[in-house]
Each structure stands twice: as structure tokens, then as C-alpha cells.
Amino acid sequence: MKKIFGAKKSQDPPPSIQDATDRIYKRGDTVDEKIKKLDAELARYKDQIKKTRPGPAQEAVKARAMRILKQRKMYEGQRDMLYNQTYNLDQVAFASEGIKDAQQTMTAMKAANKELKGMMKTVRIEDIDSMQDEMMDLMDVSNEIQETLGRSYNVPDDIDEEELMGELDALEADMDFESNSVPSYLQPDKETDLDSELNLPAAPSGHAAVPANRQQEDELGLPTVPHASIRT
């Protein structure tokens, strides 16, 4: 069948914007090279016109120079046209890149939106509010427990702080008064001289005289027996 009807030729893919831009730049480089060659010829013809005398020879050189100028103008027009084409292609490329970036942004946003919706299904505002309320209740209970554990057993709850401050001021005033005036019964006793009060005679100095008829006593307080009275 292919031999009869022939096979369908595969079509080449259309050129991209970058391919068209590169091709136009190459053409522009070729035109620039041609313009440079024409400028070199014009410079040579100018020298010849200056060196030749007015006449047929100089007119012939001028005619050649005019032809080169016309070619140069034509190439400059082509170069300007190519520059305009590249400018237009750059604008199209910029717009195309912008559209591609927008497409990628939209695709990423759609994926993120889908993922966010799936995550929001697992999180509800009611659950968050309920959890916050439970946390506040737990914190209140914890504070009450701490206050209860730190409460003093000897201090009643209905004590007036102003009354306590008044008692404290009165106590400080009493302490200041007691420090300035000490009662007589709290003052230390003074040593009294009993001898001067009783007018007793002074004790004689030296050892006291022992009576002659006083019987001697042993270490137990019993009267000692003279050695002469003991019979053998």
C-alpha cells in the first residue's frame, strides 16, 4: 500500500523563537561584514578622488563610489530590518516565557491548594477552640493546686492586712520604748557590802589558835587514841 499511495512524509517541527532569533542574528552578521567591505572600498575611492585631477577619470571614480554608497544604503536598510525582527522576536520570547512562568505558577498553586484542602479536612476550628478551652481549664486547676499546696495552715484566710500592719507598728513602738527605759526589776543586782552593814569585826590575820584541851580527831572524825594507852 505504501508503494502504491506513498508514505506520508514526516513533517519537521516548526522552528522555535530562539532558532529564528539565532538565524536572524547570523544574517545580520553577514550584512555587517558586507557593509565593512563596502566602507573599505569607499575609503579607497575617496583617496583616488583626492589624487586624480578633475576630468573623466575622476568622474569614473565618483560613479564607482556612488554605486558603492547605494549598496551600502541597501545593506544598512536590510540590517535595520533584521534588527527590528530580532526586537519583535525578543518581545515574543519574553511574552512566551512569561506565559510559561504563569502556567508553572498556576500548576504549583493548584497542587498547593489541593494539598491544603486535604490538610484542612483533618483540622477543624471547633477542635482547636475546644482544645484551647481545655488547656485554660487545666491551667486554672494547676494554679489552684499550687495555691492550695502553698497555703499556710496557721494563718486564717480572713485576716485584715491593715490590722496586721497596725499591730506591727505598735510592736515596733513598744520595742523602742523598752530599749530606752528598762524596768528596775530587770536591772542587774548591785553587790552590797554585808560587813559594813552588820558592823562585824575584821577576821584576824594568820592561823586561828587551837584550844589546848581539844581532842584530836582522825580522818573519819573520831577521837584519836593516844599511843601510850595502847597496851601490848
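A salt bridge is taken here as a side-chain nitrogen of Lys or Arg lying within 4 Å of a carboxyl oxygen of Asp or Glu. In this predicted model, four salt bridges are counted under that rule.

One of these joins Asp39 and Arg72, whose closest N and O atoms are 2.4 Å apart, a separation that satisfies the criterion because the cut-off is set at 4 Å. The pair connects distant parts of the chain, since Asp39 belongs to helix α2 and Arg72 to helix α3, with their positions 33 residues apart in sequence. Both partners are partly exposed, Asp39 having a relative accessible area of 31% and Arg72 one of 23%.

A salt bridge is also formed by the side chains of Asp32 and Arg79, with an N to O distance of 3.4 Å. Because Asp32 is located in helix α2 (residues 17-51) and Arg79 in helix α3 (residues 56-122), this pair ties together parts of the chain that are 47 residues apart in sequence. The relative accessible area of Arg79 is 22%, and the residue is therefore classed as partly exposed, given that the buried class is restricted to values under 20%.

A further salt bridge brings together the side chains of Arg124 and Asp127, at 3.1 Å from N to O. Here, too, the partners are partly exposed, with relative accessibilities of 47% for Arg124 and 38% for Asp127. As regards connections among the pairs, Asp39, Arg72 and Glu76 are joined into one network by salt bridges that share partners.

How values were computed:
Residues numbered from 1 in each chain as written. Predicted model: local features only at pLDDT ≥ 70, side-chain atom pairs only at ≥ 80, totals over all residues. Heavy atoms only, no water. Helix = DSSP H or I, 4+ residues; strand = E, 2+ residues; numbered from the N terminus. Buried < 20%, exposed > 50% of the residue type's maximum accessible area, 1.4 Å probe, protein only.
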